[in-house]
Every structure is written in structure tokens, then in C-alpha cells.
Amino acid sequence: MKKYIMITRNSFMSSIIYRFHFFYTSLSNIFYIIIIYFLWKAIYRGSGGSINGMTFNQTFIYLALALSIFCLFKTYTDWEMSYEVVNGIIVMDLIKPIDIQLMKMFGAIGFVFYNFITVTLPALFIIIFIFQPGVITVRSIALSIIPMVLAFFISFNIDYVIGLTSFYTESIWGISIAKDTIVLLLSGAVIPINFFPDILRKIVGFLPFQAIYHIPLTILISKDMSIYDYLKFLGIQLSWAIVLYAVNRLYYSKAIKVVTVNGG
Amino acid sequence: MNIVKIENLSKHFKILKSSGGFIGAFKDLFSRDYKIIKAVDNISFKVQEGEIIGFLGPNGAGKSTTIKMMSGVLEPTSGSVLINGYIPYKDRRKYVRNIGVVFGQRTQLWWEIPVIESFRILKEIYKIDPNIYNENMKLFNDLFNLKELYNIPVRKLSLGQRMLCDIIASFLHNPKIIFFDEPTIGLDVSVKNKIQTLIKELNKVKKTTIILTSHDIGSVEALCRRLILIDKGTLIYDGNIQKFNRIFGAYRTLKVELERFGGSSIEVLSKTIGEKFSCKHPIQVREDDDGWISLTINQDEVKLQDVLNYIMKVYLIRDLKIEEIETENVVRKVYEGELA
Amino acid sequence: MRTLLSYTKLYALIVSQYIKARMQYRADFFISSFGILLESGAGFFSLWVIFHSISELIGWSFNELIFIYAFALLAVSPSQLFFDNIWHLSHHVRQGTFIKYYFRPLNMMFYYLSEIFDIKGFTKLALGITAFIYASFKLGIDWTFPKFILLLALLFSSSLIMISLMIMAASTSFWTGEASSLLMFVFRFGEYSRYPITIFNSFFKLLFTYVIPIGFVAFYPSRFFLRPTETNILAYLSPVAGILLFFLAYLVWRKGVNSWTGTGS
């Protein structure tokens with residue numbers, strides 16, 4: 001177990017050294033918030049307060065929260081693995097007596113933990129104290145912990161699938177960009193799912209992406225969620241978590257046979 | 001004719017002071033603490049046209065910084081650099097027209113495309129006269145038949161093949177001076193020989209001045225008549241390679257892995273060796289990171305065999321190696337005034 | 001002094017070889033193009049979803065917004081096609097491999113950027129052209145010859161703005177060694193440029209017009225064609241903004257190149 005903790009710590013440390021990365025990313029996030037604030041204000045103008053069951057405040061908080069937790073679910077594991085395959089370094093991972101999937105996951109946890117402390121926590125504070133005290137209750141935060149963990153797990157596994165694909169195709173640029181776009185759009189992170197036309201809502205219900213953003217976010221901003229709804233959400237997440245994990249184990253055993261190493 | 005004139009050249013850098021550890025890393029996000037490093041401190045030398053000189057020095061010595069100032073990448077803090085009538089960093093584009101640069105570790109050619117296409121692009125970049133281009137290509141082919149490589153993309157070449165192509169590419173536009181940075185790194189002996197021959201021949205034919213930076217003493221010996229040694233930013237040796245050879249040629253490093261040898265006994269061993277084999281240049285005894293003991297022996301004074309016999313009598317030897325002296329040790333010796 | 005013609009000839013030579021070599025990676029090209037298509041198309045998807053619930057955005061119709069977004073895509077395509085290597089600058093700077101660009105008798109920025117020609121950019125261009133034609137048709141815009149020339153000029157200056165901002169952002173890596181997140185930040189602005197600047201309050205309106213001029217990337221030029229009766233001095237300022245910004249970007253680049261010390265000692 002200790003070796004996995006070490007991987008997490010190393011990942012955490014190397015994140016700190018990029019001093020400017022922190023500054024630029026914060027700047028980028030601030031501008032994003034500004035843009036969506038004005039954009040949605042414009043969308044709600046002349047609407048009479050509520051669209052698709054959500055007020056401007058609810059939509060804005062929802063999207064602001066989506067940004068706060070975005071950095072928790074974007075793991076870059078797919079890029080890391082593709083880079084290692086292209087440069088032949090993947091061999092180093094393969095010869096270690098550590099399960100690769102676990103290794104990558106703990107690396108991702110370290111990276112994400114850094115983001116949690118530097119981005120998510122401050123963002124949550126700002127949202128709670130400046131914008132809308134009361135929109136997020138202690139109860140909803142407590143309830144959202146497990147969904148967040150499950151969401152991370154699901155997101156990580158999706159990234160890991162793409163990473164494994166690099167064993168076949170080496171470069172995964174297009175696939176990764178496609179994945180990122182699809183995840184963001186169909187998970188409700190860019191536009192709340194409430195806004196989706198009915199057919200789309202139905203389709204999205206069959207995909208794992210809403211389990212990453214929509215579910216934890218809904219739980220976070222709900223005032224009094226019934227046990228039934230909560231368990232339903234958890235059930236959906238758990239199912240996807242298990243399915244994706246199983247897919248990865250299977251995929252890995254196939255993909256490992258195909259690894260060609262570059263360089264020479 | 002002096003093609004290179006370097007006078008009182010210095011280069012100072014401002015480096016951010018970095019604190020260690022966890023908390024330190026956080027602090028550094030907001031730190032403004034700098035210190036000044038004198039990478040190159042008051043170096044002067046001249047080079048005649050057509051010379052091949054070797055540039056040596058340990059890592060961190062200021063070698064690369066000097067070369068960067070000579071090639072126009074860095075502006076000196078003080079002093080002057082005059083090469084081929086140009087001040088490198090001032091008239092970069094004009095200056096660079098007449099120089100070549102070859103890196104051992106990365107190619108200057110276009111990675112994905114066939115070698116010959118890279119040459120054609122160079123022909124366009126340097127506006128090489130077609131006659132000169134053809135002449136040179138013929139010359140290269142006469143020296144080494146590399147025609148079979150020409151249609152292969154650079155990325156598919158082996159390291160040795162790539163180096164050869166990079167080298168002839170650097171001569172293509174008939175530069176006056178070429179900088180070679182570690183051209184033989186990671187190569188086997190036969191390729192190294194080819195490269196050395198290539199450089200020597202082209203230098204003979206074209207009278208190109210060559211500045212060779214290398215950790216490979218063998219290559220330096222084969223190509224250079226003159227050596228410049230840099231350490232800690234200063235020039236500590238500038239002269240004939242023969243003199244230099246006489247010093248390190250005689251040196252060998254004996255490395256032994258001893259059975260049951262605690263760290264404390266290194267002083268004991270050093271003392272006893274010193275007493276047993278007293279000579280003008282005392283034998284240096286050191287413990288390496290991997291637990292092996294290195295003894296640096298000047299064979300002109302002490303027979304390596306005698307030292308080995310002695311050690312075998314007192315200790316149990318698990319394994320041993322005999323190596324030529326490393327550049328770092330040579331430099332240290334020179335620094336300590338061995339050549340005086 | 002090398003002439004523009006000479007540089008063009010050289011660029012054609014290098015890029016034609018590069019494309020020839022890259023065509024070997026067929027699968028990669030199609031997958032990447034698909035990725036770009038999806039990424040660029042996401043904007044249209046978002047607009048479609050939003051307009052499912054509203055009929056106009058502060059006075060701008062769905063088709064007008066498509067027009068502006070298409071204009072933005074057209075404006076960023078050149079930067080993708082010709083200036084894609086800018087994304088790798090911080091890597092080359094950190095690894096020291098950037099040093100090779102000092103050693104040829106060429107303008108360094110030209111040499112550096114000539115290394116990569118991103119064919120995938122054509123996908124973005126195609127999407128942009130399609131959407132632009134669709135929106136123009138739906139809005140009944142009459143494209144006379146002078147109007148078309150003006151369009152090209154405005155597209156040119158808009159692309160200069162994006163390119164300049166990206167070059168400035170990437171050049172910071174000469175000092176800080178890291179610029180990917182800043183570059184991403186600037187690139188995002190290309191995305192934000194598709195919204196009408198009128199959604200912002202006066203402070204941000206000024207900010208996005210005169211300080212971080214994303215308004216000039218798509219909105220102000222588009223408004224000239226969409227609302228020709230409104231006063232559009234700002235549209236005429238676009239070329240000025242573009243050229244000025246490019247000069248500034250080049251200066252920053254030069255400063256960076258002159259102060260970079262490389263790796264190793």
C-alpha cells in the first residue's frame with residue numbers, strides 16, 4: 001500500500017512546482033465564471049425567472065460548481081499513457097510489480113488532490129460565502145462525498161480506456177479531444193441537462209457521463225433529496241463504476257499483448 | 001589568420017534561489033530571491049583558421065555557455081567575441097550563414113522527411129550555388145558512400161547513420177567554422193572511426209575550423225592537436241594535446257569490489273597504500289557510490305600490478321575493473337597544477 | 001535580406017515535404033480530424049440546445065449567432081494551420097531543443113513555425129465555411145464583391161489577433177519555462193469570442209474590446225455584416241488592432257529569444 005501512497009505524493013509535489021500553471025489556470029477559471037455569468041444572464045433576460053425548472057441563480061451556481069469540480073475529474077491519465085507509449089517509457093511501468101491501473105489511479109488521485117486543495121476548496125468557499133449561502137448545506141456536502149468519489153472513479157476509468165487505446169494507436173489526440181468534448185457536453189457540465197430536448201435527455205440517461213457531473217452536482221445543490229432519489233443516483237453511479245472497471249480489466253489483458261515499443 | 005578572437009569573455013546569470021521541500025515549494029510560488037552565478041569568468045583565446053580544437057571540461061564548467069556565446073545564442077555580460085569578422089549575437093543571421101552546428105544528441109535535419117530532401121531544403125536556405133552543391137555531394141560520396149541513406153527519413157536512421165548525415169549536412173554550405181557538440185556520444189567504435197575520418201578529411205580538404213566539445217577522450221585525441229580546458233568558468237589549459245596526453249596517458253583507475261569492507265576503513269586503506277607506494281603523484285583512493293573502491297595510479301611511477309598484488313594480500317577481492325582516467329580526474333589534476 | 005517571395009518558396013518546400021511525410025499516418029489524420037470536428041461542432045450543439053428554450057439572445061437570433069460562431073471558426077483556422085507549433089514552444093524551451101533555431105540564416109519565428117503545418121485545421125476551416133454559408137443563406141445576406149473583399153480583410157485581421165495573442169502567451173515560456181496553461185487560457189478566448197460582446201456590462205465590454213480584444217475576433221466584424229445600419233466604427237478598427245497586436249507579439253518573441261539562456265552549462 002505504501003508504494004501507492006508514494007506515487008500519490010510524487011504526483012502532488014510535481015504539481016506544485018509549476019508555479020505559473022497555478023496562476024494561469026486560476027485566471028482562466030475566473031474568466032470562465034465571468035463569461036457564463038453574463039451569458040446566462042442574457043439567456044434568462046425576458047424569460048420570467050425560470051427556464052426548464054431552474055432559475056438563473058440555480059443555473060449559475062450549478063455551472064460554477066461544475067467548474068469547481070471539473071479539475072477533480074479531468075485526470076490526464078490518457079495523455080500520460082499515450083506519451084509513455086510513444087516514447088517507449090511504458091516499458092518502465094510494465095516491468096514494475098505494481099498493477100498499472102492502480103498505479104495510474106493513485107497517480108491521478110495525487111494530481112486531483114492538489115487540484116482539490118488549490119481550486120475546488122477555494123471555489124466552494126467563494127460560492128458558499130459570497131454568492132448564495134444556503135444553496136449548499138452541510139447535509140448536501142456530506143451526501144455528495146460518495147457520489148464525488150464514484151464520479152472520479154468513473155471518469156478515471158474512461159480516461160484509462162482511452163489510455164489503453166494508445167497501446168494500439170500510439171497517438172490518441174483526436175480520440176481524447178472527442179472524449180473530452182462528449183463528456184463535457186453530455187454530462188451536463190456545460191449546459192444543465194434540464195435544458196436538453198427530450199430525446200437528448202433520454203439518450204443521455206443511458207450514458208455514463210451524467211454520472212460524472214450531473215449526479216454529484218444535483219445532489220450538491222438539492223435542498224431535500226429523498227432517500228429514494230439519492231439511492232437511485234448512487235445505484236446508477238455504482239453500476240457504471242463496476243461496468244467500466246470490468247471493461248478495463250478485460251481490455252487491458254487484450255491491449256497488453258499488442259504493445260509495440262518505439263525508439264531504437 | 002585568426003578566425004576566432006575571444007577576449008576577456010564573461011557571462012553571469014541570475015538564478016532563483018529555491019527552497020527545498022514541501023513548504024519551500026509553496027514559498028517559491030511568490031519568491032523573488034536571486035543569486036548571481038559566474039558561468040564564464042574572463043576567458044581569452046584565439047583560434048587559427050583550419051584548426052581543430054577540443055573543448056573539454058566537467059559538467060557545469062561553463063563549456064556550453066562559452067559555445068553558446070560563440071555561436072550567437074547568448075550575449076556576453078562583458079568581453080568580446082569576434083568570429084569570422086562577426087560579433088555572433090549581434091549579426092546572428094549574417095554570421096550564421098558561414099557557420100555549422102552539429103549536435104550529437106539531436107538532429108538538425110528535418111525528422112520526418114528523406115535525408116536528401118533535407119539537403120535540398122538546406123540548399124534553399126543557404127542559397128547554395130548548384131555547382132558547389134553538386135561538388136560537395138560528390139565529395140561526400142567519394143569519402144563515404146552514403147547514397148543508400150538518402151531516401152530514408154531521418155527518424156528511421158540509426159544513431160550512427162544520422163550522425164554521419166548531420167555531419168555532411170553541416171559542411172554542405174561550405175561554412176568557415178563548425179561547432180560539434182558530443183558527436184560521438186552513444187556510438188560504437190566502428191561508427192566513431194567513420195565519423196572521425198569524415199571530420200578529419202573534410203577539415204583537410206576545406207580548411208574548415210572545427211570546435212569539438214566532447215567527453216570522449218578518444219575522439220578528442222584522434223582529431224585535435226590543441227586542447228582548451230574549462231573548469232568553474234575559467235580557462236585552465238590551452239595548449240598542445242601531446243603534453244596533455246603524457247599526463248593522463250599514464251594514468252589508470254583500478255576499481256575493486258572488496259569483501260567485508262566497512263566505510264571507515266577507506267582512510268586506513270588510503271594511508272597504507274600511501275605509505276607502501278610513496279611517489280610524486282600519490283595514489284588517490286576513493287569510495288564510489290556503488291561501494292567500489294577506486295585507486296588512481298600513475299603507471300609511470302607505480303606498477304598497477306604491484307598495487308593489485310598488495311590489495312589481494314590484505315583483502316578479498318570480489319570483482320575488479322581497470323579503466324582509463326576520467327576527464328573529471330584529469331581536469332582536477334590539471335587544476336592542481338600537474339602540468340606546471 | 002531574404003525577400004517575402006524567398007520565404008514563401010522555402011515555406012512551400014518545407015511544408016510540402018512535411019505533408020507528404022504525414023500522409024503516411026492516415027488513421028491518425030482521420031481520428032484527429034474527427035476530434036476537431038467534434039470540438040468545433042460542440043459550439044453549434046450548445047447553441048442549438050440553448051435555443052431550444054429561448055428564441056433570441058439579447059436581440060440576436062439563432063442564425064445570427066451561428067454566423068458569428070462560423071466567423072470565429074474561420075478566424076482561428078489560420079492559427080491552427082500555420083502556427084500550431086506554438087503549442088510546443090514551452091516544451092522545446094524547457095528541454096533545450098529550441099536552441100537549434102538559432103543556427104540557420106532564417107528568421108527564427110518563421111523557422112520555428114514552419115516545422116508544423118496542421119492539416120487538421122482544414123477540418124475546422126471546412127466546418128466554418130459550411131456554417132458560414134448556411135447562416136448567410138438563412139439570413140439572406142447579399143454578398144457583393146466589395147463586401148466579400150471586406151470579409152476577407154476582416155477575417156485576416158481577426159486571425160492576426162488570435163495568432164498574436166497566442167505568440168505572446170507562448171513567448172512567456174522563455175522566462176517562465178511553462179506556458180501551456182496560459183496558451184490554453186488564450187485559446188479559450190477564441191471560444192468566448194463567439195458570443196455578442198453586448199452580453200457584458202460596460203466594464204467587461206471595454207475590457208474585451210480594448211484590453212483583451214476578443215471582440216474584434218468575431219463579434220465586431222460580424223456585426224458589420226449582420227447589422228449594416230448600426231454604426232460599426234469598431235469593425236473598421238479591426239485591421240488596425242490585428243496589425244498592431246502582431247507587431248507587439250513579434251517584439252515579445254524577439255525579447256524572449258534574446259534573453260533565453262538554454263539548458264546546460
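## Burial and the make-up of chain B

A residue is called buried here if 20 or more other C-beta atoms lie within 10 Å of its own, exposed if 12 or fewer, and partly exposed in between, with C-beta atoms placed from the backbone. By that yardstick, 36% of the 340 residues of chain B count as buried. This is a predicted model, in which local features need pLDDT of at least 70 and side-chain atom pairs count only at pLDDT 80 or more, while totals for chains, interfaces and linings use all residues. Residues are numbered from 1 along each chain as its sequence is written, and chains are lettered from A and ligands numbered from 1 in the order in which they are written.

Chain B has 12 helices and 13 strands; these are DSSP runs numbered from the N terminus, with helices being H or I of at least four residues and strands E of at least two. Take the contacts in chain B between residues at least 6 apart in sequence, and 72% of them join residues at least 24 apart. A contact means that the C-beta atoms of two residues, placed from the backbone, lie within 7 Å.

## Confidence in chain A

Chain A has a mean pLDDT of 84, and 89% of its residues reach 70 or more. That score is the predictor's confidence in each residue, from 0 to 100. The low point in chain A is helix α1 (residues 2-17), with a mean of 58, and the high point is helix α8 (residues 173-186), at 91.

## The cores

A nonpolar core is a set of buried Ala, Val, Leu, Ile, Met, Phe, Trp, Tyr and Cys residues joined through C-beta atoms within 7 Å. The largest one has 195 residues, and the members touching the most others are A:Ile154, B:Leu212, C:Ala70 and C:Met166. Apart from it lies another core of 12 residues, including B:Val256 and B:Ile311.

What is C:Met166 in contact with, leaving aside its neighbours within four places in sequence? The partners are C:Ser79, C:Phe83, C:Ile86, C:Leu183, C:Val186 and C:Phe187.

## Where A meets C

Chain A puts 32 residues into its contact with chain C, which answers with 31 residues. On the chain A side, α2 (19-44) and α8 each supply at least two residues, and α2(A) gives the most, with 12 residues. By class, that side has 22 nonpolar, nine polar and one charged residues. Here Ala, Val, Leu, Ile, Met, Phe, Trp, Tyr, Cys and Pro count as nonpolar, Asp, Glu, Lys and Arg as charged, and the others, Gly among them, as polar.

## Helix α2 of chain C

Helix α2 (residues 26-50) of chain C runs for 25 residues and reaches 36 Å from its first C-alpha to its last, close to the 36 Å expected at 1.5 Å a residue; the expected span is 1.5 Å times one less than the number of residues. There's a kink of about 35° centred on C:Ala42, the bend being the angle between axes fitted to the seven residues ending at a residue and the seven starting there.

Among the buried residues of α2(C) are C:Ile31, C:Gly35 and C:Glu39. The buried residues of this helix pack against α8 of chain A, along with α3 (62-82) and α6 (121-139) of chain C.

## Two asparagines with positive phi

Most residues other than glycine have a negative phi. A:Asn52, in the loop between β1 (50-51) and β2 (54-55) of chain A, has a positive phi near 55°. A:Asn52 is partly exposed because 13 other C-beta atoms lie within 10 Å.

B:Asn42 sits in strand β2 (residues 34-48) of chain B, with a positive phi near 60°. B:Asn42 has 14 other C-beta atoms within 10 Å, so B:Asn42 is partly exposed.
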